[in-house]
Amino acid sequence: QVQLVESGGGLVQPGGSLRLSCAASGSIFTILAMGWYRQAPGKERELVVLINNGRSTDFADSVKGRFTVSRDNAKNTAYLQMNSLKPEDTAVYYCYVAVKLQLAGINRTYWGQGTQVTVSS
């Protein structure tokens, strides 16, 4: 019903930058929340950033001041700009979206397939 297409990621040296994008499509009436989580090897999935109803944005303390997020409402697409990357940012980054579906009018959450971000010299 809803598809998420992620792009970006890759290998970057410490201090470098990367940009992730996530495009949502399908039977979307409205996007309630959109953002990213990440999961490093041996660790639990954790919140990176979440845009709530386009009004408030929650960042993990570990990325504040280094990561920024933007959203193109017309394209149902979000962008995560990651600057001053550190080795501890290495993880698989998963796009997350909460939507109200068309027709059914119910709320659902969806996850992207994940994209690897590796920060290493």
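Two strands count as paired if DSSP finds at least two bridges between them. The model discussed here is predicted.

**Sheet**

β1 and β3 meet this criterion, pairing in the antiparallel sense over six bridges. One residue pair shows the register: serine 7 has serine 21, in β3, as its bridge partner. Both strands belong to an open sheet of four strands, ordered β1-β3-β8-β7 with antiparallel pairing. β1 and β7 (67–72) each have a single partner strand and stand at the edges, so one side of each lacks a neighbour in the sheet. With direction ignored, neighbouring strands of this sheet are turned by 15° against each other on average. In general, strands of a sheet pair through backbone hydrogen bonds, in either a parallel or an antiparallel arrangement.

**Nonpolar cores**

The largest nonpolar core holds 30 residues, and the members that touch the most others are Trp36, Leu80, Met82 and Tyr93. The elements that give two or more residues to this core are tabulated below.

| Strand | Residue range |
|---|---|
| β1 | residues 2–7 |
| β3 | residues 18–26 |
| β4 | residues 28–39 |
| β5 | residues 46–52 |
| β8 | residues 77–82 |
| β9 | residues 91–101 |
| β11 | residues 115–119 |

The most comes from β9, which gives six residues to this core. Separate from it is a second core of five residues, among them Ala33, Leu50, Tyr96 and Ala98.

Which residues does leucine 80 touch, not counting residues up to four places away in sequence? Its contacts are Leu18, Arg19, Leu20, Trp36, Val48, Val49, Phe67, Thr68, Val69 and Tyr93.

Definitions and conventions
Residues numbered from 1 in each chain as written. Predicted model: local features only at pLDDT ≥ 70, side-chain atom pairs only at ≥ 80, totals over all residues. Heavy atoms only, no water. Core = buried A, V, L, I, M, F, W, Y, C linked by side-chain atoms within 4.5 Å. Buried < 20%, exposed > 50% of the residue type's maximum accessible area, 1.4 Å probe, protein only. Contact = heavy atoms within 4.5 Å. Axes fitted to C-alpha atoms, helices over the stretch in contact; angles between N-to-C directions.
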